[in-house]
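Hi,

Here is the structure I promised to pass on. Have a look at it first, and my notes on what turned up are underneath.

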There are 2 protein chains.
Amino acid sequence: MNLKQLSQMLGLSQTTVSRALNGYPEVNRETRERVLKAVQETGYRPNKAAQRLATGKAGSIGLVMPTAPGNPTDLHFGEFLTGLGEEALRHDFHFVVTPADPNDEVGALKRLAVSGNVDALFVNYMRGHDPRLDMLKSLSMPFLVHGRSIGSEPDYPFLDIDNEAAFYDATKLLLQLGHRRFALLNGPMYLDFAIRRKNGVDAALAERGLALDEACISHTAMTDEQGLLVMERILQLDKRPTAILCSSTVLALGAVRAINQAKLKLGEDISLIAHDDVLTLLKPENFTVPLTTTRSSLRAAGVRIAERLIAGIKHTETFPEQELWKTELIVRASTGVAPAE
Amino acid sequence: MNLKQLSQMLGLSQTTVSRALNGYPEVNRETRERVLKAVQETGYRPNKAAQRLATGKAGSIGLVMPTAPGNPTDLHFGEFLTGLGEEALRHDFHFVVTPADPNDEVGALKRLAVSGNVDALFVNYMRGHDPRLDMLKSLSMPFLVHGRSIGSEPDYPFLDIDNEAAFYDATKLLLQLGHRRFALLNGPMYLDFAIRRKNGVDAALAERGLALDEACISHTAMTDEQGLLVMERILQLDKRPTAILCSSTVLALGAVRAINQAKLKLGEDISLIAHDDVLTLLKPENFTVPLTTTRSSLRAAGVRIAERLIAGIKHTETFPEQELWKTELIVRASTGVAPAE
DNA sequence: TCATTTCCTCAAAGCGCTTTGGCTACCCAC
DNA sequence: GTGGGTAGCCAAAGCGCTTTGAGGAAATGA
């Protein structure tokens, strides 16, 4: 069933039917109702591809899903997607998800953009000096960045959390508790958030004339395996750190396991603060020793980003171009006074 | 840059350029190379919507993502999507993801199907007597079901794991270890896999003249919170069970926490077997007491499903229509001989 | 030399929709 | 009674691609 058939059935022109459907004013109330009724009965749905071709609008948001055989599934991605979906549902939008090799993000994004399949683009997993930014800016298609790209002019629309402040504050707290030897279990070094978090730690330590020992910094994938491995290594150091900062509760999961296995008491022998993306599965309060965290909901970010992107497509944008969300510092039992030497 | 412009640039007709691009034989080698070179230089990409309209093919797989505000993110969904993506990448396919209220899965699926945006459909979270099946069959579009629908004629293409056998075997093992009182932490009652798993348990118990106590069966969302809650309740029963079956390692995560809090020893006071979807985050071997599991990789299922769907679209299908994967029963430390009364 | 085949190319139709630019009644005011 | 407005409808163009049906040129055969 297509427009032509429907309009013939009704004895109307395609124009009128189309207008009736799309809420244009110049169609008689009676006629409109007749059309709507026929749509109900026949189950007619406009062909999206044709609509897209005619209007240039597709009602869809494009995003790239990094994936490669063997790569671990990223819990954070799913959580974010849930938020995105929640908002998209309200506006009858959908996503076009292009899987891409992590080494070909630029290419995948470009393909998506010129495919004519999407109205707006969304990018995340931002890197320092991210090459995708230039491409996006040249594209004349709304886009939104989750995160930022250190080293690039911040002249693009983004939503980010204040990673630097989060980790600055967390470090500060630990310093006040008397800790002097720190370790940082961070995400991959090339990612923007990892860089900023490290900067935050460095800044707080520098104020006290301290610095992170190279052996106490790790940049790994955000999996609990890596957390375990790194933590095991760190615990064997001569002067082992008493304060641990983790870029994710997922990393913390492994780190805590290592700490338990070493028969150390979390919050007493060793303190730990993790960043909490409010993952459904992994609540810091559910750890055996509840975790002190810096918190910002990834899912809420997804909702907000969908909201802004859709507004951008519909040209009803009234949102600020750039948002920097503060994180909350939530103190639980995993942080305590530094043990006596 | 579109076909028209490109062909004008080259002094060729649109037809010839189109044919050159799509590998038709009736175009001169030289001409083809000239076209390809121009494409390289100009960065021309065919408009997908137009292509879709003209050919009826979109190079995309449609799927519905259940989502509602407040609903927990489903870890299993992300893991599966990773597998799907991994395979789709190899064939230059993408997904169209429609978020949908869990109560409107039929409607969402229908919208997706008639939208003209997708070439094939995929459905999961199958229910008993699933209403989507009739719709799919009437659609003349390739589709594939992950799971099955008990109560419906099994005359549709599916990929499922043998849930009944998995839980039958697991129960059997526990029986052999001397356990007589069982509990089952299951997924939502209306879902097919949950029904079958319960059937498996029932069957094995029935062979020994045993049955599940109503108080020892739970049907909940597959979150660790629910696992904790249910397990806490079960542990307070008068004659508490000594053998626990869990429909997911996510549920097990909570259940184990409850067991620990009750100061019971897993594998001694109480035995537990969980189904392991091979979630990246949650490895049964990483539990403090490694978990005995029935195992089947959700991600592998994703890969396989993408493979079959894409073959279906390209009409190169040589795969069986219906696949039932056996699960592995992997014995670790969470199962032990039943404690003496 | 002319007819036939082969190779390459083209013009135009069509996919299903939106939108532009009329066109026809009909009503109102002067 | 005539001119201008407006409400309601329509025909046709166009979005960018693929594909059908033809046709011209070169090569082959009789």
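Let me start with the strands: strand 2 of chain A pairs with strand 2 (residues 94–100) of chain B, running antiparallel over 3 bridges. Within that pairing, V96(A) sits opposite V96(B). Keep in mind that this is a predicted model.

Now the interface as a whole. On chain A, 51 residues are in contact with 51 residues of chain B. Between them the two chains bury about 4200 Å², and carbon and sulfur atoms account for 62% of that area. If you want three residues to click on, try T73(A), L281(A) and N286(A): they supply 14% of the area that chain A buries against chain B, more than any other three residues.

On the polar side, the rule finds 2 salt bridges across the interface of chain A and chain B. One of the salt bridges involves K283(A) and E225(B), whose closest N and O atoms are 3.2 Å apart. There are also 16 residue pairs in polar contact across the interface, counting pairs with both residues at pLDDT 80 or more.

Which elements of chain A give two or more residues to the side that touches chain B? They are helix 4 (48–55), helix 5 (75–90), strand 2 (94–100), helix 6 (105–114), helix 10 (224–235) and helix 11 (249–261). Helix 5 of chain A gives the most, with 10 residues. Sorted by class, the side of chain A that touches chain B has 22 nonpolar, 15 polar and 14 charged residues.

Cheers

How values were computed. Residues numbered from 1 in each chain as written. Chains lettered and ligands numbered in written order. Predicted model: local features only at pLDDT ≥ 70, side-chain atom pairs only at ≥ 80, totals over all residues. Heavy atoms only, no water. Contact = heavy atoms within 4.5 Å. Buried area = accessible area lost by both parts, 1.4 Å probe. Salt bridge = Lys/Arg side-chain N within 4 Å of Asp/Glu carboxyl O. Polar contact = N/O pair within 3.5 Å; in protein donor to acceptor, adjacent residues only side chain to side chain. Helix = DSSP H or I, 4+ residues; strand = E, 2+ residues; numbered from the N terminus. Nonpolar A, V, L, I, M, F, W, Y, C, P; charged D, E, K, R; others polar. Pairing = 2+ DSSP bridges.
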